[in-house]
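Here are a few notes to read beside the structure, set out as numbered points for someone who is meeting it for the first time.

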Amino acid sequence: MSRYRASRPLRAPIKISFVAIRNVLRMGDPRLLQVSEAVHEFDTPRLHELIGDMQDTMAHLNGAGLAAPQIGIALRVVIFGTGAPNPRYPDAEIVPYTALVNPVLTPIGEATENGWEGCLSVPGMRGLVPRYQQLRYQGVDPLGQPIERQVSGFHARVVQHEVDHLDGILYPMRITDLRQFGFVEELFPGQQLQDD
Ligand code: NI
């Protein structure tokens with residue numbers, strides 16, 4: 001019992017949450033060009049802390065996804081999906097929040113489609129990027145439990161974009177027609193768009 005009880009109203013316990021917003025590396029930083037290493041230990045404080053920091057950073061910057069190398073950690077960890085509609089693809093399926101470790105992508109068929117992409121490491125810009133329309137992705141969650149999904153469209157695009165980061169590939173390297181690359185404000189005047 002508090003000795004202040006008689007004189008002070010009881011207060012709700014203070015909730016302390018440690019939000020860790022990390023600096024996102026920008027294109028030109030050589031660390032974005034590294035090939036990241038596989039994770040070998042799961043359900044560790046280090047891995048949970050990394051993913052927590054990635055979540056906080058992605059949420060703060062309004063991103064659609066984030067890869068560990070973007071915050072300077074060369075491990076094969078990506079997060080994506082907000083569980084909410086994406087303003088750039090309002091008709092696209094909602095991508096569930098996913099933390100994916102050691103991902104492996106297997107395209108289904110040869111079909112590709114072009115779509116506009118942005119990246120938190122290339123702020124303020126958009127480019128038209130061809131991606132596989134359909135694919136299977138496999139990997140594990142932070143506890144080491146297997147994840148396997150077959151996805152298409154925007155969900156497939158986001159995964160391909162994030163997994164590319166693990167191999168040192170940024171979306172501008174995938175653009176086939178550089179006339180379709182530019183500043184958001186010029187390409188889409190008046191629209192507020194998320195970066196991936
Ligand atoms: Ni990106």
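1. In this predicted model, the largest nonpolar core has 34 residues, and Met54, Val78, Ile79 and Phe80 are the ones that touch the most other members. At least two residues of this core come from each of H1, strand E1 (65-67), strand E2 (77-80), strand E3 (98-107), strand E6 (134-140) and helix H2 (153-166), with H2 giving the largest share, six residues.

2. Phenylalanine 80 deserves a closer look: apart from its neighbours within four places in sequence, this residue is in contact with Ala64, Gly65, Val95, Thr98, Val158, Val159 and Glu162.

3. The five strands of an open sheet follow the order E1-E2-E3-E6-E7 and pair in antiparallel fashion, and its edges are formed by E1 and strand E7 (146-152), each of which pairs on one side only. On average, and with direction ignored, neighbouring strands of this sheet are turned by 35 degrees against each other.

4. The antiparallel strands E1 and E2 are joined by three bridges, and alanine 67 stands opposite valine 78 in E2. H1 packs on the sheet, where this helix touches E1, E2 and E3, and its direction makes about 35 degrees with that of E2.

5. Is glutamine 34, in the segment before helix H1 (45-60), buried, exposed or partly exposed? Glutamine 34 counts as partly exposed because 15 other C-beta atoms lie within 10 Å, whereas a buried residue would need 20 or more and an exposed one 12 or fewer. Its contacts, leaving aside neighbours within four places in sequence, are Pro69, Ala74 and Gly168, and its C-alpha atom is separated by 8.6 Å from that of histidine 165, 131 residues apart along the chain.

Key: Residues numbered from 1 in each chain as written. Predicted model: local features only at pLDDT ≥ 70, side-chain atom pairs only at ≥ 80, totals over all residues. Contact = placed C-beta atoms within 7 Å. Core = buried A, V, L, I, M, F, W, Y, C linked by C-beta atoms within 7 Å. Helix = DSSP H or I, 4+ residues; strand = E, 2+ residues; numbered from the N terminus. Pairing = 2+ DSSP bridges. Axes fitted to C-alpha atoms, helices over the stretch in contact; angles between N-to-C directions.
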